[in-house]
Amino acid sequence: MNINIKDFRVPPDGGVKLDEWPTRVEPLYQSKHEYKKLLKAQIAELSEQQQLHYADDRHALLLIFQAMDAAGKDGAIKHVMSGINPQGCQVFSFKRPSAKELDHDFLWRTTQCLPERGRIGIFNRSYYEEVLVVRVHPEILRNQKIPDDLVDPDTIWQQRYRSIADLEDHLHRNGTRVVKFFLHLSEEEQCKRFLARIDDPGKNWKFSAADIEERKFWPQYMQAYEACLNATSTATAPWFVVPADDKKNARLLISSIILDTYKSLQMNYPVTDAQRRAELLLIREQLLAEE
Ligand code: ATP
Ligand code: MG
């Protein structure tokens, strides 16, 4: 596959205009059959890399997925991670915060779910909702019980970006690699997918009336996403804007980006030194003597 990952990466100095970034690109596959073959190969490679990651046990990998409804977050997570050893990977979905969660600062609930060394952690939505849905609906902010004198509407979003960037810097310095995906869907494609969810009884469960309400705020969401991507894509915790109108292509892109991240890490299987080897041989002798 001929992919230049940089084409999808939001540069650290920002400048991305979402309406100029494609929601569909030339596909990386020619047919469904070829797509399956390519994804299978990517998954096999990911599985190998993840085993090495687990054995090396130094880095953690945090993958963050953000998108509008029906952009294919769940499907991408399911398909791309399908070959991964479940012991090495955990997925967390973040919905509306509970009363207990609202009693803490906005990074509290996700911090408890950060991946351990040697593991992949997937956030299906994340602390980024705090500068997205909360920005689009300021009444949510008013319910967060933050003291009034600390909520200045002119600065609060910049402050939140800074909190997030500081957290991600801290994680990087301690061995966690953070990679963020925005699945970039067009408004038209979302409409088509909602219609399919209504027309196909088998998909009715996926449809929620709340999704239609949020769709009415499309321009506000795009503004909030654009500001967020430009403010929080850094050299060490980059955002990738993945064209999402074609789900298959999005999955191939996401798996390529994860593989690229893995390959940038110095990972090694632990080696057995001479002393350890001698210990093992001694134990072997003892075991043989028991027989
Ligand atoms: P799916 O629809 O595929 O099940 P989803 O991620 O859209 O997946 P929902 O239960 O439909 O899950 O939606 C979760 C909702 O919770 C979203 O509307 C999201 O914006 C909202 N949410 C997530 N985090 C926060 C937050 N910190 N504050 C307020 N709302 C949030
Ligand atoms: Mg939803």
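Three exercises on a predicted model of a protein chain follow, each with a worked solution.

**Exercise 1. Describe the overall make-up of the protein chain.**

Step 1. Start with the secondary structure: the protein chain has 12 helices and 5 strands.
Step 2. Turn to its extent: the C-alpha trace spans about 75 × 55 × 40 Å along its principal axes.
Step 3. Consider burial: of the 291 residues, 44% are buried.
Step 4. Look at the contacts with a separation of 6 or more: 82% of them join residues 24 or more positions apart.
Step 5. Add the surface: about 16400 Å² is exposed, and carbon and sulfur atoms supply 50% of it.

**Exercise 2. Place Arg24 in the chain, classify its exposure and find what it touches.**

Step 1. Arg24 belongs to the segment before helix 1 (32-56).
Step 2. The relative accessible area of Arg24 is 47%. Partly exposed covers values between 20% and 50%, so Arg24 is partly exposed.
Step 3. Leaving out residues up to four places away in sequence, Arg24 touches Glu189, Pro243, Asp245 and Asp246.
Step 4. Take Asp245 from that list: Arg24 and Asp245 are 221 residues apart along the chain, yet 5.5 Å separates their C-alpha atoms.

**Exercise 3. Which residues gather in a patch of positive charge on the surface, and where does Lys203 lie?**

Step 1. The patch is formed by Lys78, Lys203, Lys206 and Lys247.
Step 2. Lys203 sits in the loop between helix 8 (187-199) and helix 9 (209-215).
Step 3. Patch residues need over 30% relative accessible area. Lys203 has 32% relative accessibility and therefore counts as partly exposed.
Step 4. For the charges of the whole chain, the mean positions of the 40 positive and 43 negative ones are 4 Å apart.

Notes
Residues numbered from 1 in each chain as written. Chains lettered and ligands numbered in written order. Predicted model: local features only at pLDDT ≥ 70, side-chain atom pairs only at ≥ 80, totals over all residues. Heavy atoms only, no water. Patch = residues over 30% accessible without salt bridge, like charges linked within 9 Å, V, L, I, M, F, W, Y side chains within 5 Å. Areas by Shrake-Rupley, 256 points an atom, 1.4 Å probe, with all protein chains shown as cover. Salt bridge = Lys/Arg side-chain N within 4 Å of Asp/Glu carboxyl O. Lys, Arg positive; Asp, Glu negative; His and termini not counted. Charge placed at Lys NZ, Arg CZ, Asp CG, Glu CD. Helix = DSSP H or I, 4+ residues; strand = E, 2+ residues; numbered from the N terminus. Buried < 20%, exposed > 50% of the residue type's maximum accessible area, 1.4 Å probe, protein only. Contact = heavy atoms within 4.5 Å.
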